[in-house]
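Reader: I would like a close look at one part of this protein, namely the salt bridges and the surroundings in which they sit. Please take the charged pairs one by one and then carry on into the nonpolar packing beside them.

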Amino acid sequence: MALADARALAPDLRVLERDRPAERRALEALADWLERYSPWVALDPMAEPAGAAGLLLDVSGCAHLFGGEAALAGDLLSRLGRIAPGALGRRGHHGRLAIADTPGAAWAAARYATGAAGPFRLVAPGRQAAALTELPVAALRLAAAQVELLARFGLTTIGRLAALPPETLTARAGPEVARRLRQALGEVDEPVSPRRPVPAQRVRRVFGEPIAAAEDLARGLEGLLIGLCDRLEAAGLGARRVELALHRVDGSVQRQGVGLSRASRDADRLKRLFAQRLERLDPGFGVDALVVTAPECEPLDALQMALSPRHASEPRGDAASDLAALVDRLETRLGAGSVTRPAPRESHLPERAARSLKPFARPLRKGVATGWPRGLPRPPRLLARPEPIEVIAALPDSPPRQFRWRRLLHRVVRAEGPERIAPEWWLRDPAAAAEGARDYFRVEDEDGRRFWLYRSGLPEGPGGNPAGGRWYLQGLFG
């Protein structure tokens, strides 16, 4: 009814505006919790028009882990009524559940099937046509206008709709109605996209009683890592990333993951990496399920783990394994991407002559040099960006006699240069073209400190006058 009419009947009526973002967050939190049953969980886009929030789970190959479809459905509904995540209060959830061969049949049975079928409805394999016969056509996830049009033709149930010849159905009701009917009956495939990418390998463990002690979590994780590595070995794979999900009794999910610089299926190595992450996890009032997944995997056979690297620049044998383990430990402690190595790139400009790669990544992109260039010495330390300095030079082509950098005055006693470096014409960089060529100098001050300076803004050609450029400091020697 209208709000004014409602307030006339109940003057003390409390009115709250609907918070759709909060509803979305609560639904996604519930979807995370449902990953304890299947990694394939999707938000139902047709639920809200029907007046409810819905989630779709693909439990193919998962039901036997719970003792069958009926046991899975009963466990899900039982736990659903006890948890209370986020903004949905403390009374838990109330839901209706159905399991069928097709998403359309499960959707229809969950929302429109009635009778003494219990708290959930199981549609026998291949029996979705019989289960949907008496249901209204709205159970096919049709728009209200389509349902009204079918009612005018006397087509009020799915059984009457299915009795029509296909060509008559399409002519009277349109292709969308025919498609929805065929999807529900399993005559046309209906893809369901999961919220998260389905991991290549997944192992789980459900506890009879919630656990909270750190040593219990560590023992449970160790057993799952061993099981995961066994599966990886059977599949000839190695993991590049492993993730742990703690399903707490309050319905929330905590996640931690570790990345690997090289594909591995060494359970002891994974255990050591996770040992640093377990300290950050809060079990709350207890954890009733642990799930370990390997979302990123690569082919890895037993021989490959013992062979030496193919590139001479890489460490060999045990040294390679020790270095990979060190990189993994550092990235676990400092964060992903914190360990890199420099690689040469085809460019004359110092700030472009190198790029950062992952420790064991091979440069495959065009424009990456195969080796470091040889020539005049370069400073071991480059500034993040060249910093302007104030200089006094004797002659236009001479090095500066003194310069001021970061408010300190440096008097030059020795200098080498200039070394002219021009930007690559083939890059067509407007900023570099506007700057022009650079003249670099290696200078030493009275205290023995050595710097790498350059003067920019030099016009190219015989008529260019280098006296009017700006000076910058770009690197330090030692």
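Author: What follows begins with the charged pairs and moves from there to the nonpolar cores, a strand pairing and a surface patch.

The model is a predicted one, and it contains 34 salt bridges in total. A good place to start is the pair formed by R255 and D32, whose closest N and O atoms are 3.7 Å apart. This pair links distant parts of the chain, since R255 belongs to strand β7 (residues 253–264) and D32 to helix α2 (residues 20–34), with the two positions 223 residues apart in sequence. R255 is partly exposed, at a relative accessible area of 32%, whereas D32, at 16%, is buried; the second assignment follows because buried means under 20% relative accessible area. The pair does not stand alone, for D32 and R255 belong to a network of salt bridges that also takes in E35, R195 and R196.

R255 also leads into the nonpolar interior, as it is one of the residues in contact with L244. Once neighbours within four places in sequence are set aside, the contacts of L244 include Q254 and Q256 as well as R255, and further L221, F274, L278, L281, L290, V291 and V292. L244 is itself named, together with V242, L290 and V292, among the residues with the most contacts inside the largest nonpolar core, which has 26 residues. Several elements build this core, with at least two residues coming from each of β5 (201–211), α10 (214–235), β6 (237–248), β7, α11 (267–278) and β8 (287–299). The greatest contribution is that of α10, which provides seven residues. Strand β7 therefore appears on both sides of this account, as it holds R255 of the salt bridge to D32 and also supplies at least two residues to the core. Another core, of 20 residues, lies apart from this one, and A108, L135, V137 and A184 are among its members.

A second charged pair is that of E416 and R442, whose side chains meet in a salt bridge at 3.1 Å from N to O. E416 lies in strand β14 (residues 408–421) and R442 in strand β15 (residues 437–445), so the bridge ties together parts that are 26 residues apart in sequence. Here E416 is partly exposed, with a relative accessible area of 41%, while R442 counts as buried at 9% relative accessibility.

The pair of R449 and D447 offers another setting, with its closest N and O atoms 2.9 Å apart. In this case R449 is partly exposed, with a relative accessible area of 40%, and D447 is exposed, its relative accessible area being 60%.

Two further features complete the picture of what is enclosed and what is open. Strand β17 (residues 470–477) has seven of its eight residues buried, so it is largely enclosed by the rest of the structure. This strand runs antiparallel to β11 (residues 381–388), and four bridges join the two; in β17, L473 is the bridge partner of E387. At the surface, by contrast, L323, L326, L330 and L334 form a nonpolar patch, and their accessible area together is about 340 Å². One of these residues, L326, is found in helix α13 (residues 318–334), where L326 is partly exposed, with a relative accessible area of 44%.

Methods:
Residues are numbered from 1 along each chain as its sequence is written. This is a predicted model: local features need pLDDT of at least 70, side-chain atom pairs count only at pLDDT 80 or more; totals for chains, interfaces and linings use all residues. Side-chain values use heavy atoms; hydrogens and water are left out. A salt bridge is a side-chain nitrogen of Lys or Arg within 4 Å of a carboxyl oxygen of Asp or Glu. Buried means under 20% relative accessible area, exposed over 50%, partly exposed in between (1.4 Å probe, protein chains only). Two strands pair if DSSP finds at least two bridges between them. A nonpolar core is a set of buried Ala, Val, Leu, Ile, Met, Phe, Trp, Tyr and Cys residues joined through side-chain atoms within 4.5 Å. Contact means heavy atoms within 4.5 Å. Patches are made of residues with over 30% relative accessible area and no salt bridge: like charges are joined within 9 Å, nonpolar side chains (Val, Leu, Ile, Met, Phe, Trp, Tyr) within 5 Å. Accessible areas come from the Shrake-Rupley method with a 1.4 Å probe; for residues, only the protein chains shown count as cover.
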